[in-house]
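Please open the model in your viewer and keep the sequence panel visible beside it. We will walk through it one selection at a time, pausing at each stop to see what is there.

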Amino acid sequence: ARFQLFGDTVNTASRMESSGMADRLQVSESTAVLLRSAGKVHWIQERAESIHIKGKGDMKTFWIKPMERDLSLPSSDSLEISSQAKS
């Protein structure tokens, strides 16, 4: 089966993608509100500038902050390598 998606959500996502940055996750203000209400305010960082969405005007978006990895714990890559070495 083949699906085609159309509508406001898809158009907004496309515009947000064109204003994004490599290796960054960008979310809408409504998603940021949901994250705040879930107690995840530390996950979001407001963008310094608004983005312009054709047909909607300026829109405030947010970045998802990258998680800081605990370097005292082994990464999944090192676990995979060590398990292969035992084989």
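What share of the 87 residues of the protein chain counts as buried? In this predicted model, 22% of the 87 residues count as buried. With the whole chain still selected, colour it by secondary structure, and you should find three helices and five strands, which follow one another along the sequence in the pattern α-β-α-β-β-β-β-α. The surface that the chain exposes comes to about 7,300 Å², and carbon and sulfur atoms supply 55% of it.

**The sheet**

Next, select β1 (25–28), β2 (44–46) and β5 (residues 61–64), which form an open sheet in the order β1-β5-β2, with antiparallel pairing. Because β1 and β2 each have a single partner strand, they stand at the edges, and one side of each is left without a neighbour in the sheet. Neighbouring strands here are turned by 40 degrees against each other on average, if direction is ignored. As a general point, the strands of a sheet pair through backbone hydrogen bonds, either parallel or antiparallel.

Now look at the two pairings in turn, starting with β1 and β5, which are joined in the antiparallel sense over four bridges; here glutamine 26 stands opposite tryptophan 63 in β5. On the other side, three bridges join β2 to β5, and along this pairing you can pick out isoleucine 44 opposite isoleucine 64, as well as glutamate 46, whose bridge partner is phenylalanine 62.

**The helix on the sheet**

Keep the sheet in view and add helix α2 (residues 29–37), which packs on the sheet and touches β1, β2 and β5, while its direction makes about 90 degrees with that of β1.

**Side chains of β5**

Show the side chains of β5, and ask which residues point the one way and which the other. Thr61 and Trp63 point one way from the strand, Phe62 and Ile64 point the other way, and all of them are buried.

**Arginine 47**

Finally, select arginine 47, which is found in the loop between β2 and β3 (51–53). Is this arginine 47 buried or exposed? Its relative accessible area is 9%, so arginine 47 is buried, given that the cut-off for buried is under 20%. Leaving aside residues up to four places away in sequence, arginine 47 touches Ser19, Gln26, Thr61, Phe62 and Trp63, and several of these names will be familiar from the earlier stops, among them Gln26 and Trp63.

Conventions
Residues are numbered from 1 along each chain as its sequence is written. This is a predicted model: local features need pLDDT of at least 70, side-chain atom pairs count only at pLDDT 80 or more; totals for chains, interfaces and linings use all residues. Side-chain values use heavy atoms; hydrogens and water are left out. Buried means under 20% relative accessible area, exposed over 50%, partly exposed in between (1.4 Å probe, protein chains only). Contact means heavy atoms within 4.5 Å. Two strands pair if DSSP finds at least two bridges between them. Axes are lines fitted to C-alpha atoms, for helices over the stretch in contact, and angles run from 0 to 180 degrees between N-to-C directions. Accessible areas come from the Shrake-Rupley method with a 1.4 Å probe; for residues, only the protein chains shown count as cover.
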